[in-house]
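Q: Could you walk me through this structure, taking the aromatic rings before anything else?
A: Gladly, and here it is for us to look at together.

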Amino acid sequence: MQRPEDTTLRVLCELATPEQIRAWARTGAALAPDVKTNLHVHLPPNYSAFESVEQAIELARQQDIRVLGASNYYDFHVYRAFVDLAVQRGVFPICGLEIVLRMDECARAGTLINDAGNPGKMYLCGKGITRFDAMTPTARELLERVRRNDEDRMERMVERIAAIFLDAGVATDLVAQRIIEQIAQRYGCLPSHVVLQERQVAAAFQEALFDRVPAAERSERLTQMFETKPASAPDDPGGIQAEIRTHLMKAGKPAFVEEQFIDFADARRLILELGGIPCYPTLADGAKQICEYERPVAELIGRIQGLGLHCAEFIPVRNTPEVLTKYVLSMRSAGIVVTAGTEHNTPDLLPLAPTCLKGAPIP
């Protein structure tokens, strides 16, 4: 396995100029035990709480986050601006990715891994990826396959949601390409740089609903679409977006389209081909009941080490301090590198320093 320090330094060597590296070094941002880090955020054009890369970097600088890691889905064009701005502002950049895959054996057994609603579905992150312009043929083929499967699914899902809205008397004229173009225009990037996500689809339909239907009539229309009364207020965009996903887009719902996953071996291979470190995102008590795959923690450690994973990650705002402490100390004792992040993939612009559930400090 590559040493993390080798991988992260190579990011700067490949994407930043020597002048930028020296400028960053002059800030005195040496890694120390008390340095604040956040190794998992999503940057636009991914669905993100940030309006721009500039905002993310500026907030990191203001909040004394000295190491910031991005984990975008399936397109890395934004990382050049991310690295350029980070080294200018004295923030150490870590480039990464997030992959959704399927573990067939777990799916057949009905075992939940780190997705509380879908047996066999697994998230895997890559930390410190470095091979962007000189991507290997294997990496390019795997990445193109993942994107193609994802794009096909999103196109079909948008079609189904548009039909549901139309049946409820809300004509949107939305198709996947139109949503992609809207996102690209908003963030000033090429449409080919946008990887359409469920959250972005839900946001597009929520905005169309708000544009076309007065607030007093929205609950009635949504009740017709959802076949149940919405819990969110009719003027709550974030709540309505979440309910569109819950009632229309999730497994078993009318707009759901089965995902076409790559398997674990290909996902891990893709991360390694990109020069990164495979990392297991741990949900733990972020679910109502800890997923079978993740309990007890000693068995989880054995499972992920058996898969050739030597790094794990938490989004601590999901976790109580007690459970986080139990999992992190056990993993670190087993020689697993542990990172933390905030995702920032909802409309809420949370502080960048990770905290536990309900804002409790990380022990």
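A: A definition helps to begin with: rings of Phe, Tyr and Trp (its six-membered ring) count as a pair if their centres lie within 6.5 Å. Please keep in mind that this is a predicted model.

Q: Okay, how many aromatic pairs are there in the whole structure?
A: A search of the whole structure finds eight aromatic pairs. One of them is formed by Tyr 73 and Tyr 74, with 5.5 Å from centre to centre and 65° between the planes, which is an edge-to-face arrangement.

Q: And is Tyr 74 buried or exposed?
A: Tyr 74 is buried, with a relative accessible area of 5%, and Tyr 73 is buried as well, at 13%.

Q: What about Phe 165 and Phe 205, how are their rings placed?
A: Their centres are 5.1 Å apart and their planes are at 55°, so the pair is tilted. Phe 165 lies in helix H6 and Phe 205 in helix H8, so this pair ties together parts that are 40 residues apart in sequence. Phe 165 has a relative accessible area of 0% and is buried, and the value for Phe 205, also buried, is 0%.

Q: Which residues do ring pairs link into a cluster?
A: That cluster is made of Phe 76, Tyr 79, Phe 82 and Phe 132.

Q: Switching to helices, how do the axes of H3 and H4 cross?
A: The axes of helix H3 (residues 53-62) and helix H4 (residues 78-89) come within 10 Å and cross at roughly 30°. Angles under 35 degrees count as roughly parallel, and that makes H3 roughly parallel to H4. The crossing in which H3 passes H4 is right-handed.

Q: Which residues meet there?
A: Among them are Val 53, Ile 57 and Arg 61 in H3, which face a set in H4 that includes Val 78, Phe 82 and Leu 85.

Q: Anything unusual in the backbone?
A: As background, most residues other than glycine have a negative phi, and most peptide bonds are trans. Here the peptide bond from Pro 44 to Pro 45 is cis, with omega near 20°, and Pro 45 is placed in the loop between strand S1 and H3. Another cis peptide bond joins Arg 295 and Pro 296, with omega about -15°.

Q: Where is Glu 227, and what is its phi?
A: Glu 227 is in the loop between helix H9 and helix H10, and its phi is near 60°, a positive value in a residue other than glycine. At 75% relative accessibility, Glu 227 counts as exposed.

Conventions: Residues are numbered from 1 along each chain as its sequence is written. This is a predicted model: local features need pLDDT of at least 70, side-chain atom pairs count only at pLDDT 80 or more; totals for chains, interfaces and linings use all residues. Side-chain values use heavy atoms; hydrogens and water are left out. Rings of Phe, Tyr and Trp (its six-membered ring) pair if their centres lie within 6.5 Å; planes under 30 degrees apart count as stacked, over 60 as edge-to-face and the rest as tilted. Buried means under 20% relative accessible area, exposed over 50%, partly exposed in between (1.4 Å probe, protein chains only). Helices (H or I, at least four residues) and strands (E, at least two) are DSSP runs, numbered from the N terminus. Axes are lines fitted to C-alpha atoms, for helices over the stretch in contact, and angles run from 0 to 180 degrees between N-to-C directions. Angles under 35 degrees count as roughly parallel, over 145 as roughly antiparallel, 65 to 115 as roughly perpendicular and the rest as oblique. A crossing is left-handed if the near helix is turned anticlockwise from the far one by less than a right angle, and right-handed if clockwise. Contact means heavy atoms within 4.5 Å.
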